[in-house]
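Open the model in your viewer and keep the selection box handy. The tour goes stop by stop.

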Amino acid sequence: MKRNFSILLVSAIAGAMTLTLVSCGGGDHTVSGRIAGLDNDTIFVEWMTLTGMVQRAELNTDTVIASSGRFVYDLDVVEPTIICIEPASLVKRNANGSKMQSLARMAMLMVKPGEKIRVKGSVEPDYLVYTAEGSAFSVENSAHRLAYRTESMKYDSVQRAINAYYSPGSVMPAVERDSLVKMLSDEGEKVFAAQNAIKGEYIEANPSSELSAYYLSRMSTDEFGKYYEHLAAETREGVFSGMLAEREKAYIWSRRIKENEAKIAEGLAAPDFTLKNLAGEDTSLSSFKGRKYLVLDFWGSWCGWCVKGFPKMKEYYEKYNRKLEIVGIDCRDSEEKWRAAVEKNGLGWTQLIDEGSDIDKNVAVLYAVKGYPTKIIVSPDLKIVKVFAGESEDFYQTLDKLLK
């Protein structure tokens, strides 16, 4: 898959706020609302500070029970915070039982210290219709999301179709499944681009809006480069400044990756590099020359598809370890998370960590890695054999042809 279909809210500072849940009533609450069709349903709540989003800290989740469609939710808000609420009746599940994420089925709000948000809406099939009061961002977002309602629902539909292929009862051959998933992923990319085009028009028309800043902070690097100059200077320095700074860095890195793409092609020499291994020792690519075929596996503990691929990687490592060496290159992790992930997943091959915050020293940038996992097969004389983006059967079929 080209894109991990998930809501782009990915962290919060644990313990940053004191939480109080109330299931009914009104009054002076952080969030209060009435949703037609909700009745006495459970509401799933996810929240995080904007600082937490920048730091990729842990997501906070809770539940609250509505009473006759009414609910309230309280936080001791000390900085701007995103709160998402989703009725249980709209929740869809992944093949592994986890809650599937979709902005079509939830209300996304932002609350600042002192603000009180009121929500009014109704539950429709696979969509939550709502309006918000009490927060400029929430008011704008609840109104403008209707402009891309068709796209968000179609995007959600693609997500559910992809997950269906990975259900426990599926007996579809992996090759056929991967082909269908790729077609769906390509369709999802088109829908996502159409949705972002609508958001881009909003940025151009509303350069001083905080919602515009949020939209821009969640766009692809190419889209960021297209719309960044439209955003007003004071908005760039506003509440989403940290997220925008992260996106600007990603945009600069993306341009460098594009420059390096031509150097990472079949038959060319694999660029040498040196990274630390689990023992804290320097390990260079050149030290593997003349020994075995190599697989450079760019992964991260945060990458679901990377982790899903480990069992088959283990199988092939066991199968071909006399002819094959795997070099895991962990990216975008702290050393602690890297070590924990290696141990948890029982990864017995060479493990290195790409800690380079300097663009000129980052190995993932050097190898033009645009998504995770990326696997690169390298010959014993350190020539690039083939590059594989994502988890696919083609990678394993290529190993079979090379090593049998």
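At 22% relative accessibility, is E210 buried, partly exposed or exposed? E210 counts as partly exposed. The model is predicted, so read each stop as a computed value.

**Stop 1: K112 and E210**

Select K112 together with E210. Their side chains meet in a salt bridge, 2.7 Å from N to O. The pair links distant parts of the chain, 98 residues apart. K112 sits in the loop between β7 (107–111) and β8 (117–124). E210 belongs to helix α5, residues 210–217. K112 is partly exposed too, because its relative accessibility of 23% lies between the 20% and 50% cut-offs.

**Stop 2: R149 and E124**

Move on to R149 and E124. Here the side chains form a salt bridge of 2.6 Å, N to O. R149 is in helix α3 (residues 149–164), while E124 is in strand β8. Along the chain the two are 25 residues apart. R149 counts as partly exposed, at 24% relative accessibility. E124 is partly exposed as well, at 28%.

**Stop 3: D360, R256 and I252**

Now pick D360 and R256. A salt bridge joins their side chains at 2.8 Å, N to O. D360 lies in the loop between β14 (350–354) and α11 (363–366), and R256 lies in helix α8. This pair spans 104 residues of chain. How accessible is D360? D360 is exposed, with a relative accessible area of 58%. R256 counts as partly exposed, at 26%.

Stay on helix α8, residues 241–260, and select I252. I252 is partly exposed, with a relative accessible area of 39%. Add I359 and draw a distance between the C-alpha atoms: 9.0 Å. I252 and I359 are 107 residues apart along the chain.

**Stop 4: the charged network**

How many salt bridges does the model hold? The count comes to 24. For a network of them, select E46, E86, K92, K99, R105, D126, D156 and R160. Salt bridges link these residues together.

**Stop 5: the nonpolar cores**

Hide the charged side chains and turn to the largest nonpolar core. It has 51 residues. Which members touch the most other members? Select F273, L296, F298, I329 and Y367. Helix α9 (residues 304–320) gives the largest share of this core, 7 residues.

Center on L296. Leaving out residues up to four places away in sequence, L296 touches F273, L285, V327, I329, Y367, T374, K375, I376 and V378.

Another core lies apart from the largest one and has 26 residues. M48, M108, M110 and F137 are among them.

**Stop 6: the β15–β16 hairpin**

Finish with two strands. Select β15 (residues 374–378) and β16 (residues 384–389). In which sense do β15 and β16 pair? They pair in the antiparallel sense, over 5 bridges. To check the register, pick I377: its bridge partner in β16 is K386. The two strands form a hairpin with 5 residues between them. In the turn, select L382 and read its phi: the value is positive, about 65 degrees.

Notes:
Residues numbered from 1 in each chain as written. Predicted model: local features only at pLDDT ≥ 70, side-chain atom pairs only at ≥ 80, totals over all residues. Heavy atoms only, no water. Pairing = 2+ DSSP bridges. Helix = DSSP H or I, 4+ residues; strand = E, 2+ residues; numbered from the N terminus. Buried < 20%, exposed > 50% of the residue type's maximum accessible area, 1.4 Å probe, protein only. Salt bridge = Lys/Arg side-chain N within 4 Å of Asp/Glu carboxyl O. Core = buried A, V, L, I, M, F, W, Y, C linked by side-chain atoms within 4.5 Å. Contact = heavy atoms within 4.5 Å.
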